[in-house]
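User: I am a first-year student, and I would like a close look at a single part of this protein. Please take one buried residue, explain what surrounds it, and then lead me outward step by step.

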Amino acid sequence: MILIKNGRVVDPVIGTDRVMDVLTDGSVIAQTGQGLSAPGAQVIDASGLVVAPGLVDAHVHFRDPGLTWKEDIFTGARAAAKGGFTTVICMANTKPVVDNPETLAYVQERGESAAIHVLQAAAVTRGMKGEALTDMEALSDAGAAGFTDDGIPLTDGKLLEEAMRKARELGLPISLHEEAPYLIGAPGVHQGRVSEQLGYGGAPRVSEDVMAARDCMLALHTGASVCIQHISSKNSVELVRLAKKLGADIHAEATPHHFTLTEDAVLKYGTNARMNPPVRTEEDRQAIIEGLRDGTIDMIVTDHAPHSGEEKALPLEKAPSGIIGLETSLGLGLLSLVEPGHLTLLELMALMSRNPARFYRMIPGSVAPDAPADLVVFSEKERWKVDHFVSKASNSPFFGWELPGKVYYTVCAGKIVYQNQ
């Protein structure tokens, strides 16, 4: 048993924001209230700290199988636990691709031994080649959390329509990477002032906008539950807003780097600010924040994308895109969204826990009796320095930053899986 005393419980599922005690027993929450006691329980004094449902990251790359020198399920799970996450959903672009029940089972079996809950999305197309659909029914039966070819856009609209209809029939979501390759001069950097300064082709907004527009309308047409992944363009935010008004079951994710950084980050951080889609202008950043404020964007995810130091040391045009994010996500949410007054802490927790869980058909975590004992205990305002990572990788523009949101404990299935020393 764990008795968490005097914490500020912030729970977006039941709408609670007040000081109380929380008692866990085994893998569930046994009791909440004032003045609780439990002889023999491990006591955590959470005075001045926030107690919230464990965070859920619906978009991570753990590189397992096949690329485990960058990250593996166990190191990724430990990084997640350090960041306050108790559940993650892995993308399918591993080697081999998670496009069959056997590879899916490998991840699921490894995930059972990880520090947190590790779920796996399956590929939409075989080999993520965009040519033929996977056996979506078999993957659904095997426990896939949803479907995505994240990392590679699905350019065949007819094939995608078929995939959406099948996903709807199976009752699972489908998540889409929106970048039209034929409109990109060079990936990873916004096509604009900075790309011109660097002499680097860049990826324009329109490469995202045309695909987001198509897929918003396909979602409306098919009735599928669709997510526009790591949204980066002000126009795409407006397209999702319109599609919601029209009645589409459309959703969108935003990453901390897209609501914190602009294209100028590439000049300062080099390849550690190269990602697909790229960070764009201040106007785009503000549009993403407004989308989070008004509910157009439903989820905050990290797109945790580990790469080796050797890879990121390559020239800009040769280095891989992507950054790690699990250990800095909560802090950046507080820094960029809560502290400036864009969101309340309760609203941030909804975006980082309740909403992604619901989209992926999970019962969202709650700080309530009989709910799973998946919790994060953190200081909302206390600063901490980003000076090391638990992840195998360190490709982050945020190294050296001082962030709020110091995580003290992460509890998953009633066990302390991270404790700040």
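Analyst: A good place to begin is Thr 302, which is found in the loop between β13 (299-300) and α11 (309-312). Please keep in mind that this is a predicted model. Although Thr 302 belongs to a loop, the residue counts as buried because its relative accessibility is 2%, and buried means under 20%.

What does the side chain of Thr 302 reach at 3.0 Å? The partner is the backbone nitrogen of His 304. The side chain of Thr 302 also makes a polar contact with the side chain of Asp 57, at 2.4 Å. If residues up to four places away in sequence are not counted, Thr 302 touches Asp 57, His 59, Val 60, Phe 85, Thr 255, Pro 256, His 257, Gly 325, Leu 326 and Ser 329.

Asp 57, the partner of that side-chain contact, has its place in strand β6, which covers residues 55-60. With a relative accessible area of 0%, Asp 57 is buried. A polar atom of the Asp 57 side chain lies 3.1 Å from the backbone nitrogen of His 59, and His 59 is also among the residues that Thr 302 touches. Leaving out residues up to four places away in sequence, Asp 57 touches Phe 85, Thr 87, Val 88, Ile 89, Val 301, Thr 302 and Leu 326. Phe 85 and Leu 326 therefore appear in the surroundings of Asp 57 as well as in those of Thr 302, two residues that both count as buried. Asp 57 also shows how the chain folds back in space, since Asp 57 and Ala 350 are 293 residues apart in sequence and 12 Å apart from C-alpha to C-alpha.

From here we can turn to the empty spaces in the model. A search of the whole structure finds one cavity of 30 Å³ or more, and the largest cavity holds about 50 Å³ of space. Its lining includes His 61, Phe 62, Ile 73, Cys 90 and Asn 93, and by class the lining has five nonpolar, four polar and two charged residues. Asn 93 also lies among the residues nearest the centre of the largest pocket, together with Gly 151, His 177, Asn 276 and Ser 321. That pocket holds about 550 Å³ of space, and its 26 lining residues are made up of nine nonpolar, ten polar and seven charged ones.

For a second buried threonine, consider Thr 222, which lies in helix α6 and counts as buried at 3% relative accessibility. A polar atom of its side chain lies 2.8 Å from the backbone oxygen of Leu 218. Apart from neighbours within four places in sequence, Thr 222 is in contact with Glu 161, Met 164, Arg 165 and Arg 168.

These contacts lead to helix α4, whose 14 residues, 157-170, reach 20 Å from the first C-alpha to the last, close to the 20 Å expected at 1.5 Å a residue. Glu 161 and Met 164 are among the buried residues of α4, and the buried residues of this helix pack against α3 (136-141), β9 (147-148), β10 (174-176), α6 (205-222) and β11 (226-228). At the N-terminal end, Asp 156 caps α4 with a side-chain oxygen that lies 3.1 Å from the backbone nitrogen of Lys 158, while α4 is followed by Gly 171, whose phi is positive, near 75°.

How values were computed: Residues numbered from 1 in each chain as written. Predicted model: local features only at pLDDT ≥ 70, side-chain atom pairs only at ≥ 80, totals over all residues. Heavy atoms only, no water. 1 Å grid on protein atoms, 1.4 Å probe; cavity = no way out; pocket = protein on both sides within 12 Å on 5 of 7 lines; lining within 4 Å. Points joined across faces, edges and corners; volume = space filled by probe spheres on them. Nonpolar A, V, L, I, M, F, W, Y, C, P; charged D, E, K, R; others polar. Helix = DSSP H or I, 4+ residues; strand = E, 2+ residues; numbered from the N terminus. Expected span 1.5 Å × (residues − 1). Buried < 20%, exposed > 50% of the residue type's maximum accessible area, 1.4 Å probe, protein only. Contact = heavy atoms within 4.5 Å. Polar contact = N/O pair within 3.5 Å; in protein donor to acceptor, adjacent residues only side chain to side chain.
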